[in-house]
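Hello,

I am passing on the structure we spoke of, for you to look at before you set anything up. My notes follow below it.

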Amino acid sequence: MNRYGIGLAVAFALSGQALAASPEGQRLALTIYNRDLALIQDVRSLDFGAGRSRLEFKDVSASIRPETVTLAATGVDIVEQNFDFDLLTPEKMMEKAVGRQVQIVRTNPGNGAEVTETATVLSVNNGVVLKIGDRIEVLRADGAPTRVIFDKVPENLRARPTLSVNVQSNAAGRRDATLSYLTTGLSWKADYVALFDEQANKLDMQGWVTLTNKSGTTFNDAVTQLVAGDINIVRAADDWQYQQYLQQQQYMQQQRALAAQRGGTEQGARRPLADYYVYPLPERTTVADNQTKQVGFIDAHGVAARKVYEYYADWFTTLNDPAHAAVVVRFSNSSRGGLGAQLPAGMVRVYVRDTDGKPRFVGENRIEHIPQGSEISVKTGEAFDVTVQPTVVQQERAGFWRSRYSMEYLVRNARSQATTLEIRQAGLWREGKVLEESIKSTRPDAYTLQWSVPVAANGETKLTFTVETGW
Amino acid sequence: MRFAALALVLLSLAATADIVSPAPDSVRVTLYGNLAASSTYEEEESDTDETQTGGLVMVSETRTIDLPAGTSRIVFLGVADAIVPQTAGIEGLPAAIIESNFDYDLLTPGAVIARSHGERVRLVRTDSATGRMTDREAILRSGPEGVVLEIDGKIEALDCSGLSEKLIFPRVPPGLADEPRLSMTVRADRPGRHTVQLNYLALGMDWSADYVAHIAPDGENLDLTGWITLVNRSGTTFANTPAEVVAGQLARDEEETQPPGPTQLNESTSCWPIGQFARIIEQRMFKRANEGLMRSAVFGSADQYDLSEVVVTGSRVPFEAQMRELGDYKLYAVPEPTTIAARQSKQVSFLSQSHVPFTRIYMFKVDENSISDKNDFEPKRATTLLRLQNKESDGLGKPLPRGIVSVMEAGAGGAMLAGQDRLDDTPVGLPIELELGTAMDVWIEPRITEERTIEGDDHDEERISVEVRLGNDKPVPITLEYRQPAYGEGFRIVRESRSHSLKEGDVRWTFRLRPGGRAVLRYSMQRSD
C-alpha cells in the first residue's frame with residue numbers, strides 16, 4: 001500500500017505534474033487563540049525529487065490565511081507559493097471558455113430529438129452569445145433545453161482552495177517537511193459551571209475549554225494547545241467582517257452589566273507563553289469540522305463565595321415603577337479562596353441546588369481574562385423580591401456652576417430574611433459632597449457614593465440623602 | 001504489515017468503544033423564557049420571525065449507562081434538538097471525562113456533494129417530452145455551489161441545460177450524521193451500570209403568565225386567576241415530564257448561549273447567465289414546481305416555529321402549580337408530569353384568589369407640550385385605574401410573575417373585557433395599578449394661563465401657571481388624581497389652590513367628585529430655564 005503510494009507520487013513527478021502532498025504520516029499540532037485564529041503546524045513526510053518540483057496541499061484548512069504559510073524541510077528552498085482560490089463553477093467555466101469552442105446539444109422539446117453543434121463562445125455578459133457556423137445566437141434564448149459540453153476543466157479552477165508550493169531541492173529523497181500557517185475558523189473560549197450554595201457561602205467551580213471548528217477541515221489526531229490572552233492581530237482595514245466583529249465586541253462590552261473584577265496579584269500555575277497563558281490538552285485529539293469539543297481544566301470545590309444585592313444609578317432620576325435589585329455572586333480566584341487559577345475569558349453559568357437536591361440554572365454572565373488573585377463579581381439576574389424605587393425629591397441650583405440634589409430610595413424586601421442592598425450612586429462631578437444622609441456612605445471614587453442599606457424581612461427602608469456637586 | 005494494520009484497527013476500536021444511550025429514562029424541564037419579559041412580545045404574537053428560536057429551558061435527563069472499564073465514548077441520542085452543547089454536564093458517573101464533543105456535520109444535499117469530489121456518480125436525465133431516462137456515469141468535479149461533472153472525459157455542468165437532471169451517489173460520505181450528536185469520551189476504573197443525570201440548557205420553549213380579573217357586581221372586589229402557559233416551539237416532544245417554570249429576570253447572554261448553527265452547505269445552481277426570455281420561463285416553472293415543496297423542504301426555518309402550527313391542548317389541568325423559592329426567583333412546578341409535545345402549548349392554573357378588594361381611580365397625567373397647544377379646548381379624558389395592594393391583609397399577598405392581566409366586568413349582556421394591562425414582576429407588599437383605558441365621562445380641561453421668566457442672581461427660571469377644570473359626568477362619585485411629572489432642575493410648585501403630595505415621582509392632587517361634580521385646580525410651577 002505504502003509502496004504503491006510512493007510509486008504513484010514518483011510517476012506524477014516524472015510526468016511533470018504536481019506532486020500531491022498526501023497526508024500520510026502526518027503529525028498535526030494546533031495552537032488555538034481566542035479570537036477566531038489558530039496556528040497549524042503540519043509535519044509530514046514527503047518524497048522530494050532533486051531540483052524543481054511543485055507540491056500541492058489540498059487538505060489544508062479551507063480558511064487558511066495563505067500569506068502566513070511557511071514550508072520548511074532540510075535542503076529544500078521555496079521558489080514560490082501559490083494559493084488558488086478561483087473555484088470551479090459552471091459560470092466561471094463558461095467565462096474561461098470565451099473565444100473557445102464548445103459543443104452544444106439542443107433537445108427538441110416536442111419530440112426529444114437531440115441536435116449537436118459546435119459553437120464558439122463570443123461573450124458571457126448577462127447572457128451567453130454564441131457563434132454557430134455563421135449564425136450568432138444567444139444560448140437558450142428560446143428556452144429549449146440545451147446542454148453545453150466543454151473539452152476540459154480550465155487551468156487554475158479548482159473544486160476547493162488549494163495551496164501549492166514550488167520548491168528547489170538539493171537532493172532527492174524522503175524527509176520531514178513542516179508546513180505552518182494561520183487559519184480562521186478555529187476558536188475557543190472557556191465555559192464555567194459554578195454551583196453556588198447560598199447557605200454555606202461556597203461554590204463549586206468547573207471550567208471547560210470549548211473549542212469550535214468551523215474551518216471546513218477536520219484535524220486528525222492533533223496535539224492541541226489553547227492560548228489565553230488577547231494577542232494583537234493586524235487585519236486589513238477593509239476587512240469589514242472583522243470590523244463588524246470588533247464593533248459588536250465593543251457593543252457587547254458596553255451592554256454587559258457586570259462581571260467586573262478587581263485586580264489580580266497572583267502568579268498562576270499555568271505555563272506562560274510570553275505574556276499569555278497556555279492550556280495544552282492532555283491527549284491527542286481529533287478536531288472534526290463542525291464540531292464543538294470540551295475538555296475540563298478546572299475542578300475546584302468549596303470556593304468561598306457570597307451573594308450580594310446591588311443597585312447602580314448612573315444619574316439622579318425618578319422611576320415611576322420600582323426596579324429590581326441585581327443579584328451578584330462574588331468570589332475570588334486567589335489560592336487562599338480555594339480556586340487558585342487564572343480564568344480565561346468565557347461564560348460563567350451559575351446553578352443552585354433546589355430543594356430536591358438537583359441543580360437549577362439561575363443565570364449567566366461573561367467574564368474577560370482574569371488573572372489569579374482577583375475579586376470576581378458575576379451578575380446572575382434580578383431579585384424578584386428586592387426592589388428599589390428612586391425619587392428625586394428636589395433638585396436646585398446651588399450657585400453658578402453647582403447643583404443640589406435630594407434623593408429618596410425606597411428599598412423593599414419581600415423575603416422572609418433580613419437583607420442588605422448596596423446602592424451605588426454616580427453623578428457626582430467636580431467638588432461633589434454629601435450635605436446630609438440617613439445612612440453613612442462610602443466613596444469608592446470621587447464620582448460615586450455607596451450605601452449599604454439594611455432592610456428587615458418583609459420590610460422597607462428609606463435611604464435619603466442630599467448632595468451638592470459642581471458641573 | 002496487513003496484520004499489524006488490522007491489529008491497530010482492533011486496538012483503536014477497543015480503546016474507544018461506543019456506548020449508545022438511545023434515549024433518556026425520564027426527563028425534567030425547567031422553563032426560563034418568560035414571553036412577557038421580551039420586548040418583542042407584541043411582534044411575536046402577530047408575526048413569528050425566522051430567528052425566533054424560543055426561550056431558554058434547562059433539561060435534566062436520567063439515563064442508565066452500562067460502562068465498561070477503560071476508555072469509552074458515550075453517545076447520547078434523543079437530546080433536545082436545540083441543545084446548547086457547551087452547557088452539558090453529567091452527574092453520577094464515576095469516570096473521568098476526557099472530552100465532550102458535539103458533532104453537527106449533518107447529512108445535507110450540499111454536504112454530500114462537497115464530500116464527493118472526485119467520486120464516481122451517475123447522472124440521470126429525464127426527457128420531459130418522451131419521459132425517456134438516460135443514465136450516465138460521471139465524475140463529480142466540484143460543488144455544491146454549482147456542480148461540474150466530467151462525462152466521458154468531457155466537462156458539463158449540472159442543472160444548466162434546462163433538462164431535468166439528477167445525481168445518484170453510490171454511498172453516503174463518511175462522517176455525516178442525520179442529527180447533531182452529543183458524545184463524551186470517559187475513562188472508568190471498573191465496569192458498572194450507573195444511573196446518571198445529564199443536564200443541559202436548550203432553546204425552544206417559552207412560558208407566560210396570564211391573569212384574568214373578574215370584577216364582582218359590587219364593583220369593589222375582584223376574583224383573580226392566573227394561568228401559566230407553556231409553549232414548545234421546538235421539534236422535541238417531552239413525554240411524561242415534570243415541568244417547572246422560573247419567574248424573574250435572569251442574566252442571559254443570548255449571543256453565547258446558542259445552539260451551534262450548522263454551517264450549512266447549500267446546494268445552489270450557479271450557472272452561466274441565460275437569455276432573458278428563457279429566464280422568465282424558468283423562474284415561472286421553478287416557482288410553480290416549488291410552491292408546494294418549499295415549505296416542507298426548508299430546513300429549520302420559520303415554519304418550524306410558526307405559532308399557527310402550535311396545537312393548544314384544551315385540557316386545563318385542574319390542579320394548581322405550586323410555587324417555591326429558587327434562589328432569588330420563584331419556581332412554579334406543574335402538579336403532575338405532563339407531555340409537552342412538539343409545537344404544543346399547555347396551560348396550568350397557578351393562582352386563584354377571590355374577593356380581592358380594589359379601588360377604582362381615575363387618573364390624568366398632564367403633558368405640558370400637549371396643553372401648550374393654542375386653541376385646543378377639547379376636554380381630555382381620564383384613564384381608569386384599578387388599584388390593589390399585593391398584601392395578605394388586602395386579600396392577595398402572592399408573588400405575581402410578569403404577564404398580561406385581562407380585566408372582565410359584568411355588563412348587560414354578560415361578562416365583557418374592560419381592558420388589559422401589563423404587570424411587572426410584583427413581589428408581596430407592593431401596590432398594583434392596572435390601567436384599563438380611558439373613561440368617557442370623566443374629563444379634564446387643563447390650560448396654561450401664564451408663562452414667564454423669573455430673573456435670578458446667577459440663573460433664570462421659568463414659571464408656568466396652569467388652570468385645570470375637572471368634571472365627573474358619571475352617575476356615581478369618583479376619585480380623580482391629577483398628576484404633574486416633577487422634572488427639570490429646581491422643579492417646585494410655587495403656588496397651588498390645594499395641597500399636593502409627591503408619589504412615585506409625580507406631583508399629585510386628588511379630588512373626590514360627586515355625580516355631576518366640578519372642580520378647579522390652579523397651580524404654578526417653577527424650574528431652571
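**Loops, strands and backbone angles**

Pro144(B) sits in the loop that links strand 8 (133–142) to strand 9 (148–151) of chain B. The peptide bond leading into this proline, from Gly143(B) to Pro144(B), is cis, and its omega is near 5 degrees. Please keep in mind that this is a predicted model.

Two residues in chain A have backbone angles to note. Asp221(A) is not a glycine, yet its phi is positive, near 50 degrees. Asp221(A) belongs to strand 16 (residues 219–228) of chain A. Is Asp221(A) buried or exposed? Asp221(A) counts as exposed because it has 12 C-beta neighbours inside 10 Å, and the cut-off for exposed is 12 or fewer.

Glu431(A), also not a glycine, has a positive phi of about 50 degrees. Glu431(A) is placed in a loop of chain A, between strand 27 (419–426) and strand 28 (433–437). With 12 other C-beta atoms within 10 Å, Glu431(A) is therefore exposed.

**Strand 5 of chain B**

How many residues of strand 5 of chain B are buried? Strand 5 covers residues 83–91, and eight of its nine residues are buried, which leaves the strand mostly covered. Its partner in chain B is strand 13 (residues 192–203); the two run antiparallel and are joined by five bridges. Within this pair, Glu91(B) of strand 5 lies opposite Gln197(B) of strand 13.

**The nine-strand sheet of chain B**

Chain B also has an open sheet of nine strands, in the order 31-34-29-28-25-24-30-33-32, and the pairing is mixed. Which strands form the edges? They are strand 31 (492–496) and strand 32 (501–503) of chain B, each of which pairs on one side only. From one strand to the next, the twist averages 40 degrees.

At one end of the order, strand 32 is joined to strand 33 (residues 506–513) of chain B by three bridges, and these two strands run antiparallel. Lys503(B) faces Asp506(B) of strand 33 as its opposite residue. As background, strands of a sheet pair through backbone hydrogen bonds, in either a parallel or an antiparallel way.

If you want starting points for your own inspection, I would list the cis bond from Gly143(B) to Pro144(B), and the positive phi values of Asp221(A) and Glu431(A).

Regards

Methods:
Residues are numbered from 1 along each chain as its sequence is written. Chains are lettered from A and ligands numbered from 1 in the order in which they are written. This is a predicted model: local features need pLDDT of at least 70, side-chain atom pairs count only at pLDDT 80 or more; totals for chains, interfaces and linings use all residues. A residue is buried if 20 or more other C-beta atoms lie within 10 Å of its own, exposed if 12 or fewer, and partly exposed in between; C-beta atoms are placed from the backbone. Helices (H or I, at least four residues) and strands (E, at least two) are DSSP runs, numbered from the N terminus. Two strands pair if DSSP finds at least two bridges between them. Axes are lines fitted to C-alpha atoms, for helices over the stretch in contact, and angles run from 0 to 180 degrees between N-to-C directions.
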